[in-house]
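Thanks for making the time this morning. I would like to walk you through a few packing and pairing details, so please have the sequence and the model open while I talk.

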Amino acid sequence: MPNSILLEQLIASVGAEHVICDQQKSQQYRNGWRSGGGEVLAVVLPQNLLSFYRVLQACVSQRAIIILQAANTGLTEGSTPNGNDYDRPVVLINTLAMNQIVLLEQGQQVLSFAGTTLFSLEKQLKPLKRAPHSVIGSSCLGASVVGGIANNSGGALVKRGPAYTEMALFARVNEQGELELVNHLGIDLGDSPETILTNLMTGKFAKDNLPLTSALCSDQEYQQRVREVEQASPSRFNADPRRLFEASGCAGKLAVFAVRLDTFAIAEQEQSFYIGTNDPLVLGQLRRQILQNYQHLPEVGEYLHQDIFDISARYGKDTFLSVQHLGTDRLPQLFALKAKVDAWCKRLPLVPDNLSDRLMQFASRLFPQHLPPRMLQFRALYQHHLILKMSEQGIAEAQSHLAEFFKHHAGDYFACTAEESNAAFLHRFAAAGAAMRYHSLKQNELGDLLSLDIALRRDDLDWLEQLPPEIEQQLELKLYYGHFFCHVFHQDYLLKKGVNAKQVKQQMLELLNQREAKYPAEHNVGHLYAAEQSLKDFYLQLDPTNTFNPGIGKTDKHQRNCNCQA
């Protein structure tokens, strides 16, 4: 009976066409992009902020669990259910329809609604010669702006640090179990929730000459922090207490309606350099010298090991060619179509789950070599590859320094043409998806795919891990790539058939603990990592009744009152 009452309220809030109860039809929302999933009472698709709030009211009144999701591109199962052992009905709310963007202060800042994607924000800012905190991610398209804030996402841009703001509009369930709307946007929108949300949706508020505030809309301290290479702590990581604030780092423990963010000027002149060496310490020394001595920080510094270079060249070729020839405009739709095909295949007998991967992989083989000759030459010569992008006055700094540096260190570099630069970054972009494709096509021959997202100490010169033989012998392949200057690495391990993935992961994490590394770095704890105590305390502060996303960070899933511990 309570479930039927809740369903009636949800339908009244958004309309029957926006409430999905069929478990087959809701599969693309309930299952994670890479792993994870569970059953829900309903998937709800509110079309505007006011209906979103009404859905929250209904869920809170019936004591339902609320799981929030935008693009469902997370890699740690943080925006889907985790199994079927919850103590209350679960309602999953997808926010993608609420995708408005409002420019503030002539584009110096923006308001991003709950479902706005990075792609759409980047596109809207481009005519203003400005950019958001992050651009399209390293593993998928369609990631949301609010998702980045909620997960402390980092990204490839060296100067930006983690996605962060102290100005947001959000709903929470307080200690008395009551839903309340909190407006910390620094914009006068009225008093009642209905007035606030209606004014926000209709644009009835001041957009320029806003009151001055000391609240941050980006991590303005990060450029100094990343330069401090003698510090025995990471430059950024998911659970960093200095960047946990309300919506920032909330991991779905709040219902975020909108965030206010800084935008950034696009450089007028850029130059990329492709660097190769067989000695990881050479790259470690280069990183230190650039961060300590350059007046101008790099825009981007992306690392690839030779092995992921090869995997991306073969199994990321279709992604590379799609971006190159179709542009990024059509890719979100193509990725959505692929997800629907995959879900359809899972329902059909005798049809392989990975049919879309097989077809796309076959099609990519029909095209000629897509990587420039000089990149292929470096691949044959060097194990370690770094793509360095400088801008404005920093270009001359790098040209002078690199020429002198490689007179005394093993390795080489070349200044990229525009075509080579685009190819190098597209190749890096395709890497994570290529690792997944390789595993999907070889799943009958391989064990699990174990993915770690780690942040090393800033002073760790010997950055490339050395695994003990007892772990090494359980691996079929290791794939290393990441954001080199931030010392954030994505490490994918393809295990041999029959190997216990949980046991290997625990061994890996123990080694990382010995190195004083932090994990995850930028993908959130989700349901794959245990949250540190400081992060558990933060979650408890935000969500004292455990209404939102219970179980995140391997915490308890049960309902609690404000006197309970996380």
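**Helix crossings and enclosed strands**

Let me start with helix 12, residues 355-364, and helix 16, whose axes come within 10 Å and cross at roughly 110 degrees; please keep in mind throughout that this is a predicted model. With roughly perpendicular taken as 65 to 115 degrees, helix 12 and helix 16 are therefore roughly perpendicular to each other, and the crossing of helix 12 past helix 16 is left-handed. If you would like to find the contact on your screens, look for Asp357, Arg358, Met360 and Gln361 on the helix 12 side, which meet Arg437, Ser440 and Leu441 on the helix 16 side. Sorted by class, that contact between helix 12 and helix 16 has two nonpolar, two polar and three charged residues.

Now, helix 16, which covers residues 431-441, also packs against helix 9, residues 306-315, and there the angle is about 75 degrees, with the axes 8 Å apart. That angle makes helix 9 roughly perpendicular to helix 16. Which residues of helix 9 meet helix 16? They are Ile308, Ile311, Ser312 and Tyr315, and across from them helix 16 contributes Ala431, Ala434, Ala435, Arg437, Tyr438 and Leu441. By class, the contact of helix 9 with helix 16 has eight nonpolar residues, one polar and one charged. You may have noticed that Arg437 and Leu441 are named in the contact with helix 9 and again in the contact with helix 12.

Let me turn to the strands, beginning with strand 3, residues 65-69. Five of its five residues are buried, so strand 3 is largely enclosed by the rest of the structure. In a regular strand the side chains alternate between the two faces of the sheet. In strand 3, Ile65, Ile67 and Gln69 lie on one side and Ile66 and Leu68 on the other, and since all of these are buried, both faces are covered. Strand 3 pairs with strand 4, residues 90-94, in the parallel sense over five bridges, and within that pairing Ile66 has Val91 as its bridge partner.

Finally, how many of the ten residues of strand 16 are buried? For this strand, residues 446-455, the number is seven, so strand 16 too is largely enclosed by the rest of the structure. Its pairing with strand 18, residues 488-496, is antiparallel and runs over eight bridges, and if you want one position to look at, Ile454 stands opposite Phe489 in strand 18.

Note on methods:
Residues numbered from 1 in each chain as written. Predicted model: local features only at pLDDT ≥ 70, side-chain atom pairs only at ≥ 80, totals over all residues. Heavy atoms only, no water. Buried < 20%, exposed > 50% of the residue type's maximum accessible area, 1.4 Å probe, protein only. Helix = DSSP H or I, 4+ residues; strand = E, 2+ residues; numbered from the N terminus. Pairing = 2+ DSSP bridges. Axes fitted to C-alpha atoms, helices over the stretch in contact; angles between N-to-C directions. Parallel < 35°, antiparallel > 145°, perpendicular 65-115°, else oblique. Contact = heavy atoms within 4.5 Å. Nonpolar A, V, L, I, M, F, W, Y, C, P; charged D, E, K, R; others polar. Left-handed = near helix turned anticlockwise from the far one by under 90°.
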